[in-house]
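Me: I'm new to reading protein structures. Could you walk me through one, feature by feature?

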2 protein chains.
Amino acid sequence: MTNDNRNLAKAKLTSRETDYNQWYLDVAGRGELFEYSPTPGCIYFLPKAASLWEAIKANVNGLIEAKGVRNLYMPALIPMSFFEREKEHVEGFAPELAIVTHGGGKELEEKLAFRPTSETIFCDFFRGQLQSYRDLPLLYNQWANVLRWEKRTRPFLRTAEFHWQEGHTLHETSEEAYEFAVGIMNDVYIKTFRELLAIEGISGVKSESERFAGAEKTFTYEPMMSNGWALQICTSHVLWRGFMEQFDVKYLGRDGKIAYPAYTSWGMSTRSIGGLISSHSDDKGLVIPPRLSEYRAVFLPVYGSGEKSTIDAYVRNVAETVVGKSVETPVKGEYFRALTGADGKVLVDFRDARFGEKITDFELSGYPVAIAVGPKEMEEGLCTVISRVTGEKVQIKTSEAKSVVAKFLEEGQNELRRRSRERLEKNVVACRSTEEIGAAVEAGKFALYEWDKNPAFEVEIKEKYKATTRCIPNKGQFTDGILTVKNPDNVAVIVARAF
Amino acid sequence: MTNDNRNLAKAKLTSRETDYNQWYLDVAGRGELFEYSPTPGCIYFLPKAASLWEAIKANVNGLIEAKGVRNLYMPALIPMSFFEREKEHVEGFAPELAIVTHGGGKELEEKLAFRPTSETIFCDFFRGQLQSYRDLPLLYNQWANVLRWEKRTRPFLRTAEFHWQEGHTLHETSEEAYEFAVGIMNDVYIKTFRELLAIEGISGVKSESERFAGAEKTFTYEPMMSNGWALQICTSHVLWRGFMEQFDVKYLGRDGKIAYPAYTSWGMSTRSIGGLISSHSDDKGLVIPPRLSEYRAVFLPVYGSGEKSTIDAYVRNVAETVVGKSVETPVKGEYFRALTGADGKVLVDFRDARFGEKITDFELSGYPVAIAVGPKEMEEGLCTVISRVTGEKVQIKTSEAKSVVAKFLEEGQNELRRRSRERLEKNVVACRSTEEIGAAVEAGKFALYEWDKNPAFEVEIKEKYKATTRCIPNKGQFTDGILTVKNPDNVAVIVARAF
């Protein structure tokens, strides 16, 4: 473990082809998204990662608020006895718990677990909230840190502590709960992944063995990463009534009878940052979808034989044509400055360094657009705008900078989504045997397979090919027309390797 | 412990005069800010509390961002050995730690503590970030949950787990660090408390014994609650160089020599919600400063002999004159609805209940303005607007609703701040002996006392009067002209009882 990614800074980025895992770590580390921390399995989420998560949060928060969901905060530590009440749930989570045994210098009477998820304590809370059908629906969410003790970790994709939102809702009928869980998946998660993160995936339901511990049904969205692996990037569940029974959550129904409500829970996490890294980045480094980027552009003054102070002043002027009259703040140390105006923020790299070095760092940074200005361009009132996504490079009048930046941002966003869609269009293949599945996943593809829902199949593909069933896809997606299910008792299922 | 505050709902609110502590719990509980949780010392932060904290966060976040501070996330669990490195720090925090001893089913080699504050792990992080003076300043903040195992808790004012921001910055010189720590206190905290929370306090520095564990200097802001007690509501510290030495955080200076940077940390927390409750509320219930309120107004349709659906439709129309064309979402259960338009949000109480019940619940809710509409008012195109803060009540044409609401919101905000200021103006008294201090704090006042800085005095007033030194006030405040310090080696100090 090292806390100093800068030791890597001059080394060449590992290529995706050579070693995908190392490429991922290089991209995320040199893209200044994380550093390893001294806490086992935990990372330092650096400011760029925090800004990505804040942007995702703001979007998701607005969408769930529009559904009437309200935020609250539950305790991070949950009494151990709570986990033991719901049998499937405790079996699923017990191996991953971090346990607090001492507090205030004394051994605790009841041990506490750092929440790996909060169904149990929400149930306790719900019991106090619910009396009559008139109290329904109850629609809550929390933005929280959770902890799952993991043996093998990978920054963002699998860390012990991570950040997420977890929604928990109660409804009068099972139908209403199903509709709500599906609505969260479609109107909140999939909308956010497609439109903001530019990540296309396959939506569907999980098989019985892949469901959340305690769920009756799990809805999922599974994009394909750039190595052909799947990533479970968000889930929405309708839960077993067991939770309601074990925690005695019930209400007086319209018919005057006591009833158990229907329960949904749903979450997406900082894992989505891992999805973004893996999905969009290239051999030059990180690529951030423009709509998620903190900075609209990075200015790269090139000094050559020019006067630094004159060029810097000129660059500030050009920056203000892009974001308006702006305030300057330090970003890190002496040379990197944010300029914040009414139309957003840009970053300026004021280092007295060669253009080559600045452009390499820009490419590593993942920000969507660079604007380079040299002494000669300054004299002619010009600048050069470069798209991180498409590589397009144009020399323009500075008066056009604002509109060209806007154009590059939009084109970059669309291009990333197009690539993500194309990856799925080209790499879902029909398979008629486990051998074909093995060949498909080995080649970095998603296999679509007619499955009789026998769990023995899942054991077999896991052992033989390290592959799992990802979802039984909904209609109207990339899987349409690829495979016709012959036996009406069977389903088409996506099989893939997964993070 | 109960999870059901509704059992209290029909009982009369305890008056402030009768039992201040119970009044506080009643106001916060029936104002639907918290419920007790099954985790020792922890509460459920209900949606209203979450919305207050989100509004405070947004304001503080904007102000610190303007100073160049960037957010990141550190692990919640910190290796125990980290605490032991800085002697004063571990002595201050060891009694309050919650300790994780097991993870993933095994006993841990090194125990982990749930962060009570994050200086130690920030120091580890800083070591990896800092090489040269060119890397300075380093300006970071995190929004996080922290845990301090407390023997006696009081919702928001003192809970085991709470939410806060903690800023941590490194600077090249001690002067720069002092300037930054003071800037955070004045431009971020005091500005937020005065302008947003309408809480006036006394700013100054802590005595040696009241400083943060590991600080060289602690700046504080101490408002007076409505019982005359002080509340330490935010602090900003310049820390001992010990942290830098113990964690080996150093840099190559401009002069080519290795140097230790100067370190500041600063925080404010959900305790500020406790300050808001205690400062502004009255015997009718919670009072939320208008600028912090999620809802601009609460609509109270009164049905009488009128047709419910007709009155409800009319109320929706009036609501839209206030917030614009709006979308309706459930808030809790069947009857409470939020209407969200371009100009904000309002709440509508659609219950078929008596006006008296609705107005009592409005007063408990703490929202700043009510708009009542009955059948007769509907016929005449009128409504009645009521200010929660001032109690003012006017019947107006519905076309005037928007401007009257805006006026009541502004007046309510100003009035709360005026009352908070007046409380300090009237209740800081000069004392010339410990007996006079005892009488002052017994009467719910702040004592201002000429102090020779001998800590024996602090022990004495604590034992005799349960009072502590709150701060050595800066000039230009409520303390001016009250007491003239005779001996130039002495200071004037505020003494009070405190939460």
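Reply: Sure, we'll go from the two chains together down to single residues. One thing up front: this is a predicted model.

Me: Okay. How are chain A and chain B related, by what rotation and what shift?

Reply: The general idea first: two copies of a chain are related by a rotation about an axis and a shift along it. Here, turning by 180° with 0.0 Å of shift along the axis lays chain A on chain B, with an RMSD of 0.0 Å. The two copies are therefore related as by a two-fold rotation axis. If you want to find that axis from chain A, look for Val100(A): its C-alpha is the nearest one in the chain, 2.1 Å from the axis.

Me: And which surface does each copy use for the contact?

Reply: The same surface serves both: 100% of the contact residues of chain A recur in chain B. Chain A puts 76 residues into the contact, and chain B puts in 76 residues as well.

Me: How much area do chain A and chain B bury between them?

Reply: The size of an interface is often given as the accessible area lost when the parts come together. For this pair the figure is about 6100 Å², with 54% of it on carbon and sulfur atoms.

Me: What about charged pairs? How many salt bridges are there between chain A and chain B?

Reply: Six salt bridges run between the two chains. One to look up is Glu334(A) with Arg134(B), where N and O are 3.1 Å apart. Another pairing is Lys345(A) with Glu65(B), at 2.8 Å from N to O. That pair crosses from strand E18 (residues 344–349) of chain A to helix H2 (residues 47–65) of chain B.

Me: Are Lys345(A) and Glu65(B) buried or partly exposed?

Reply: To sort them, you need the cut-off: buried means under 20% relative accessible area, and exposed means over 50%. Lys345(A) has 13%, so Lys345(A) is buried. Glu65(B) has 35%, so Glu65(B) counts as partly exposed.

Me: How many salt bridges are there over all chains?

Reply: The count comes to 72. Within chain A, take Glu222(A) and Lys206(A), whose side chains meet at 2.7 Å, N to O. Glu222(A) sits in strand E10 (residues 215–223), while Lys206(A) is in the loop between strand E9 (201–205) and E10, 16 residues apart. Both Glu222(A) and Lys206(A) are buried. In chain B, Arg351(B) pairs with Asp349(B), the closest N and O atoms being 2.8 Å apart. Arg351(B) is buried at 15% relative accessibility, and Asp349(B) is buried at 2%. Salt bridges can also share partners: Glu415(A), Arg418(A), Arg419(A), Glu422(A) and Lys426(A) are joined into one network that way.

Me: Let's try a helix. Which residues of H9(B) are buried?

Reply: Start with the helix itself. H9 of chain B covers residues 308–323, so to speak 16 residues, and reaches 22 Å from first C-alpha to last, close to the 22 Å expected at 1.5 Å a residue. Its buried residues are Ile311(B), Asp312(B), Tyr314(B), Val315(B), Val318(B), Ala319(B), Val322(B) and Val323(B). They cover an arc of only 165° around the axis, so they lie on the same side of H9(B). After H9(B) comes Gly324(B), with a positive phi near 85°.

Me: What should I look for in the backbone?

Reply: Most residues other than glycine have a negative phi, and most peptide bonds are trans. Now for some cases that go the other way. Glu32(A) is not a glycine, yet has a positive phi of about 60°. Glu32(A) lies in the loop between helix H1 (20–30) and strand E1 (34–36) of chain A, and is partly exposed at 35% relative accessible area. Phe156(A), also not a glycine, has a positive phi of about 70°. You'll find Phe156(A) in the loop between E7 and strand E8 (161–171) of chain A, buried at 2% relative accessibility.

Me: And which peptide bond in chain A is cis?

Reply: Look at the bond from Leu136(A) to Pro137(A), which is cis with omega near -5°. Pro137(A) is in the loop between helix H5 (119–129) and strand E7 (138–147). In chain B, a cis bond joins Leu136(B) and Pro137(B), again with omega about -5°.

Methods: Residues numbered from 1 in each chain as written. Chains lettered and ligands numbered in written order. Predicted model: local features only at pLDDT ≥ 70, side-chain atom pairs only at ≥ 80, totals over all residues. Heavy atoms only, no water. Helix = DSSP H or I, 4+ residues; strand = E, 2+ residues; numbered from the N terminus. Expected span 1.5 Å × (residues − 1). Buried < 20%, exposed > 50% of the residue type's maximum accessible area, 1.4 Å probe, protein only. Arc of directions from axis to C-beta. Least-squares fit on C-alpha atoms with pLDDT ≥ 70 in both. Contact = heavy atoms within 4.5 Å. Buried area = accessible area lost by both parts, 1.4 Å probe. Salt bridge = Lys/Arg side-chain N within 4 Å of Asp/Glu carboxyl O.
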